[in-house]
Structures are given as structure tokens and as C-alpha cells.
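Let's take a walk through this model together, starting with one helix and then stopping at two individual residues.

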Amino acid sequence: MLRKNIEYFALNTWLTVRTRSTYHAATILKLCVNLFVTILYIYLWKAIYNGREIINDFTLPDMLAYVFLLRVLRNLYPYEVSQSYGNLIRTGSIATMLLRPVRIELQLLSAAAGNAIYDFCFCGLPSLMLSCFFVKEPLNFAAFPIVLFWIFSSCAFIFLLELIIGTLSFYTQNLWGLGIFKGTMISFFSGELLPIHFYPARILALFQWLPFASMYYIPVALFLEKTVEKLGIYFVILWGSNLFLLLIYALLARRMIHHIAVQGG
């Protein structure tokens with residue numbers, strides 16, 4: 001059974017990459033938009049610094065590297081899972097997916113992995129190549145193993161969160177509002193909008209007890225050799241949140257499947 005799941009995961013991941021790369025115009029447009037947004041952020045931060053050497057322990061080269069690494073991570077995370085899940089529920093295709101011998105979570109995860117590979121190749125790598133023209137100082141690649149672990153842990157957190165949001169659309173029939181709320185929370189609390197060191201001390205005290213900082217700020221800070229206080233607490237909170245989200249999703253999905261079985265026969 002495990003071998004069949006692994007084979008399905010690899011096959012569906014590859015098919016997702018092939019399917020998305022088939023549309024060349026969409027790929028070129030996505031590449032151009034990503035580079036445009038990245039360059040916009042770069043010149044925005046250059047204007048903010050305006051000759052200043054350091055702001056909140058971040059030099060301008062640090063901030064530029066932060067922007068590039070953030071854009072790479074942004075393209076790795078499975079943000080499209082809730083939309084796919086919600087569309088399955090809205091169209092009624094969820095019933096067919098549940099009848100397949102492979103769990104729906106594995107189907108969504110393999111598609112998300114394919115999307116991540118595609119986005120990394122056509123958005124993440126170009127951003128890294130572009131960074132060579134703006135960032136002269138080398139990154140701390142010695143920290144890559146621990147950064148990779150944080151990225152994996154954050155992917156698990158986002159995937160579970162996306163599953164819950166997709167499942168909630170079965171009850172609310174309004175995925176758009178949930179998506180806007182999710183995007184706002186992540187942008188504010190994760191360090192995507194600003195490095196969390198830029199926020200007031202009282203807000204920083206709140207961030208310490210939320211898992212969102214592990215998504216962007218901590219991996220990038222480790223790459224930039226920034227000191228992250230109480231890293232162990234962030235680790236416990238992140239994986240505690242993963243287990244909590246897993247429990248919530250299991251309860252919601254079980255109830256949803258029960259309703260589908262009752263209504264659909």
C-alpha cells in the first residue's frame with residue numbers, strides 16, 4: 001500500500017508539472033509578473049533606506065536578500081490547496097475523489113508538490129539568479145539543513161491550514177472570504193509584509209506565541225545569520241500547531257464525509 005501511494009505521489013506530481021508547463025504563455029506571464037514584483041520590492045526598500053546603513057538590525061544588503069529569499073519561499077508553499085479543495089466541493093467532484101483508492105489528501109498534496117516544483121523552476125530560480133545583481137554578500141549556506149527542516153515544517157503547517165479552509169467551504173459556501181482572511185493573517189504575522197523585528201515590542205511578544213513567524217522570518221533570518229531568540233519555543237509552537245490543525249481537520253473531514261454520504265447515498 002505504501003509503495004502504491006509513493007508511486008501515485010511521484011506520478012501525479014510529474015503530471016502536474018507537465019500540465020502547468022504546457023501553457024507557455026501563462027508560464028512566461030507568471031515569470032514576468034514575479035520578476036516585476038520582486039524588482040518593485042527591491043527599489044521600494046532602496047527608497048526606504050535612502051542612504052541609511054541599518055534599520056532595526058537589517059542593513060540594505062540584508063533586506064534585499066530577505067526580499068529575494070521571501071519570494072523563493074512564497075513560491076514553494078502550497079497556497080492553492082484550499083482553492084482546489086473548495087472547487088471540488090463546489091462542483092460536487094469531491095464525491096468522485098473520495099471514491100478513488102488514494103486518499104484525497106494525498107491527491108491534493110501531490111498536486112501541490114507539482115505546483116511547488118513548477119513555481120520554483122519558473123519563479124524561484126529566476127529570483128535567485130536576479131539576486132546576484134543586487135546582493136553581493138554570500139548567504140549562509142551552512143545553515144541550509146536546518147533551514148530546509150523549517151521549510152518542511154512550515155509546508156506541513158500551511159498544507160494542514162489549507163485543508164481546513166477548504167473543508168470549511170463545505171459549510172460556509174464562501175471560500176473567497178476565508179481566503180482573504182487567511183492571506184491577511186499570513187502576510188501580517190509571518191514576516192511577509194515586514195520582517196517581524198520592525199513591529200513594536202508588544203506585537204513581537206504576540207508573534208512569539210504564533211506559528212506564522214516560522215514560515216518566512218525564521219528561515220530567512222537563519223540564512224542571513226541573524227540571531228533568533230527562543231528558537232526552541234518557535235519549534236514547539238510550530239509542531240504543536242501542526243498536531244492541533246491535524247486534529248481539527250480530521251474532525252471536520254469526518255463530519256463532511258458523513259454529510260456527503262447521507263445526502264448523496
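In helix H2, the buried residues (under 20% relative accessible area with a 1.4 Å probe, protein chains only) are Thr-27, Asn-34, Thr-38, Ile-42, Trp-45 and Tyr-49. Helices here are DSSP runs of H or I with at least four residues, strands are runs of E with at least two, and both are numbered from the N terminus. This is a predicted model, in which local features need pLDDT of at least 70 and side-chain atom pairs count only at pLDDT 80 or more, while totals for chains, interfaces and linings use all residues. Residues are numbered from 1 along each chain as its sequence is written, and side-chain values use heavy atoms, with hydrogens and water left out.

What do the buried residues of H2 pack against? Their partners, counted by contact (heavy atoms within 4.5 Å), are helix H1, strands E1 and E2, helix H3 and helix H6. H2 itself covers residues 24–49, and its 26 residues reach 38 Å from first C-alpha to last. That is close to the expected 38 Å, which is 1.5 Å times one less than the number of residues. Just after H2 comes Asn-50, with a positive phi near 45°.

Now for the meeting of H1 and H2. Their axes come within 5 Å and cross at roughly 85°; axes are lines fitted to C-alpha atoms, for helices over the stretch in contact, with angles from 0 to 180 degrees between N-to-C directions. The two helices are therefore roughly perpendicular (65 to 115 degrees). Arg-20, Ser-21 and Thr-22 of H1 make the contact with His-24, Thr-27 and Lys-30 of H2.

Two single residues are worth a look as well. Glu-105 lies in H6, which spans residues 104–131, and Leu-88 lies in H4, which spans residues 81–91.

| Residue | Relative accessible area |
|---|---|
| Glu-105 | 15%, buried |
| Leu-88 | 14%, buried |

Which side chains make polar contacts (N or O atoms within 3.5 Å, one able to donate a hydrogen and the other to accept it; neighbours adjacent in sequence count only through side-chain atoms) with that of Glu-105? One is Arg-103, at 3.1 Å, and another is Tyr-249, at 2.6 Å. Setting aside residues up to four places away in sequence, Glu-105 touches Phe-159, Leu-163 and Tyr-249.

With neighbours within four places set aside, Leu-88 is in contact with Ser-93, Ile-94, Met-97, Ile-104 and Leu-108. The C-alpha atom of Leu-88 is 9.2 Å from that of Gly-166, which is 78 residues away along the chain.

Conventions: Buried means under 20% relative accessible area, exposed over 50%, partly exposed in between (1.4 Å probe, protein chains only). Angles under 35 degrees count as roughly parallel, over 145 as roughly antiparallel, 65 to 115 as roughly perpendicular and the rest as oblique.
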